[in-house]
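Student: Could you go through this one with me, beginning with the ligand?
Tutor: Yes, here it is.

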Amino acid sequence: MKNLLKDLNITRTQNPKAKPDAATLGFGEIFTDHMFIMDNDEGRGWHDPRIVPYGPLSLDPAASVLHYGQEMFEGLKAYRGDDGTLRLFRPDMNAKRVTATNDRICLPPIDEEVFVEAIKAVVNVDRDWIPDYQGTSLYIRPFLFATEAFLGVRPSKAYSFVIILSPVGAYFKGGIQPTKIYVEDDYVRSAPGLTGFAKVGGNYALALKAQALAQEKGFSQVLWLDGIERRYVEEIGVSNAFFVIGGEVWTAPLTGTILPGVTRDSVIHILKDRGMTVREERFTIDDVYAAADAGTLEEVFSAGTAAVISPVGEMMWKERRIVINGGEIGKISQSLYDTITGIQQGLLPDPYDWTVKL
Ligand SMILES: *Cc1c(COP(=O)(O)O)cnc(C)c1O
């Protein structure tokens, strides 16, 4: 499979679209001129890698993804530095996660090098779409889904893998805003044996209801507790959760219910490098509230590709409201944000060799 992209076929669009004004970009609303596609059939494996003009896909109404949800996706970004250099951030980590996700959801494996090379190829074709305005980037969305027209319940015998690209704006317009989080103790996102560690659409579909209810109550996201006892802290929305308690940083361990975020891993690396203690251990929502009562809950933040670091200013659990760091972004959250975005944009040195130049 490694040589697959030798035969990459590129068809350029005859009708390039106008580029958006980078200062007004939102998230995931605008797509570039091209996309990458390759197909997989039983017996034949991956074939026909191609870059074609962006446009609708044709799918049989019986395609199994539409009925049983056999699909996965990824998310990463390409950044344009002040010096014009284009960079990806740790795409090898996304490639590894694809391997784990595909195995869990019975999708055919994608060679990790091919995954990264396909991303580079399509981003290169649309490289003029990577915006240069402060805080903007090109969001890369690879996804893979079952296309066989068959209503029986078993893994599909045909798949497509597609990569689309979307120029996106800074997550927080006008600077980072601390969020309000609702601690969800009714609905759950994951449990041992389920798909919490895999990046699949099903995890998102089942989370929409709790998110919508929390938003109706004026919160931006939910904090998920574990699916068995509903006590252990797991994730915040679709990002990894961090708690600074008495000078130490706590985050849930990767035991299968948590999505192994690339941002999470980067945060842990940077904090340990600074000599801080990071505890990847289970801890409960009672621990968090006890720390708040004792005055030792210093910061709470979530970490993910979209917002990078998103500080939590307020939490509500069973009618108990706590305000964190006076509702302001904390020192650790701010410095992590500055360090990670600085490396991504080439403003800071990259001591970990995390960026890949395009
Ligand atoms: C994608 C995702 C994350 C964050 O992962 P990154 O690689 O840092 O973007 C965290 N939690 C969930 C549930 C996710 O889907």
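Tutor: What follows is about the ligand site and then one loop residue.

Tutor: This is a predicted model, in which local features need pLDDT of at least 70 and side-chain atom pairs count only at pLDDT 80 or more, while totals for chains, interfaces and linings use all residues. Residues are numbered from 1 along each chain as its sequence is written, and side-chain values use heavy atoms, with hydrogens and water left out.

Student: Which residues are the closest to the ligand?
Tutor: Lys199, Tyr204, Glu235, Thr263 and Thr305 are the closest of the 14 residues that surround the ligand, where a residue counts as near if one of its heavy atoms lies within 4 Å.

Student: And what lies 2.7 Å from a ligand oxygen?
Tutor: That is an N or O atom in the side chain of Lys199, and a polar side-chain atom of Arg97 lies 2.8 Å from an oxygen atom of the ligand; a polar contact is a pair of N or O atoms within 3.5 Å.

Student: What about Val238?
Tutor: One of the backbone N or O atoms of Val238 lies 3.3 Å from a nitrogen atom of the ligand.

Student: Switching topic, where is Thr136?
Tutor: Thr136 lies in the loop between α3 (112-125) and β7 (137-146), helices being DSSP runs of H or I with at least four residues and strands runs of E with at least two, numbered from the N terminus.

Student: Buried or exposed?
Tutor: Thr136 is buried, because its relative accessible area is 5% and buried means under 20% (1.4 Å probe, protein chains only).

Terms used. A polar contact is a pair of N or O atoms within 3.5 Å; within protein, one must be able to donate a hydrogen and the other to accept it, and residues adjacent in sequence count only if both atoms are side-chain atoms. Buried means under 20% relative accessible area, exposed over 50%, partly exposed in between (1.4 Å probe, protein chains only).
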